[in-house]
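Q: Please take a close look at one part of this model. I would like the ligand site explained step by step.

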Amino acid sequence: MNLILLGAPGSGKGTQAELIKKDFKLTHISTGDIFRANIKKNTPLGIKAKEYINEGMLVPDDLVIQLVADRLKQKDCLNGFILDGFPRTEFQADKLGEITKINAVINLDIDLKLLLERLSGRRVCNKCGSTNHINCIKTYLACSCGGSFIQREDDKEETVNDRFRVYEKQTKPLINYYKNKGNLINIEADKLVSEVYKDIKKALESL
Ligand code: AMP
């Protein structure tokens, strides 16, 4: 089963993808995570991507499409995958359609005001990448793996607003794009992680 997770920044794509991955034995591919790993290692891709990411802009299509096309050729994608953060433009969606078949597109539907609060309070472990919210961390800033919870550069308020603008203009049209193709599953994501996942699981099991 090949899936796409659509949703605004902070809608819970990464968290839900990890849950789906475990139950359905799929490979989770997050383009944002791939870029962040490259930035950390200072690779040529990371150096290029950083300029865009820290400004809340999309990395140019040609860089992302090649990256995903190469990743999908790897063995662990043969039994199915979950794309998280890709495609983000209609052009990327068209290209993806040329290289692989997608069985379902899950759209995490959530109020933008709630997202702002979520994103500005989001903290990420600098070692294992797990996420947490400032309200849950309070004074204790250490992760159970020994890392520290820090704020992603692109979760800072001024950048978050730019990311929302980019989402509205370039990524949101993909909801209708996939609705017209007949494989969109809309999930209300304004709920607890476990409740959102229950709805996703039910929808996927009925495919
Ligand atoms: P994410 O973790 O998915 O929110 O991605 C973080 C950032 O990486 C985004 O704000 C973009 O700058 C960049 N990025 C991730 N995926 C894509 C994509 N499919 N196309 C363009 N830029 C992307």
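Which polar backbone atom is 2.9 Å from a nitrogen atom of the ligand?

A: The polar backbone atom belongs to Gly-85, and its partner is a nitrogen atom of the ligand. Before going on, note that this is a predicted model: local features need pLDDT of at least 70, side-chain atom pairs count only at pLDDT 80 or more, and totals for chains, interfaces and linings use all residues. Residues are numbered from 1 along each chain as its sequence is written, and side-chain values use heavy atoms, with hydrogens and water left out.

Back to the ligand. Gly-85 makes a polar contact (a pair of N or O atoms within 3.5 Å). Val-59 also offers a polar backbone atom, 3.0 Å from a nitrogen atom of the ligand. Gln-92 uses its side chain: a polar atom there lies 2.9 Å from a ligand nitrogen. Taken alone, the ligand exposes 480 Å², and the protein buries 95% of that (accessible areas by the Shrake-Rupley method, 1.4 Å probe).

Now the shell. The ligand is surrounded by 16 residues (each with a heavy atom within 4 Å of it). The closest are Thr-31, Met-57, Gly-85, Arg-88 and Gln-92. Helix 2 (residues 31–40) gives the most, with four residues. Here a helix is a DSSP run of H or I, at least four residues, numbered from the N terminus. By type, the shell has seven nonpolar, four polar and five charged residues. In this scheme Ala, Val, Leu, Ile, Met, Phe, Trp, Tyr, Cys and Pro are nonpolar; Asp, Glu, Lys and Arg are charged; the others, Gly among them, are polar.

Key:
A polar contact is a pair of N or O atoms within 3.5 Å; within protein, one must be able to donate a hydrogen and the other to accept it, and residues adjacent in sequence count only if both atoms are side-chain atoms. Helices (H or I, at least four residues) and strands (E, at least two) are DSSP runs, numbered from the N terminus.
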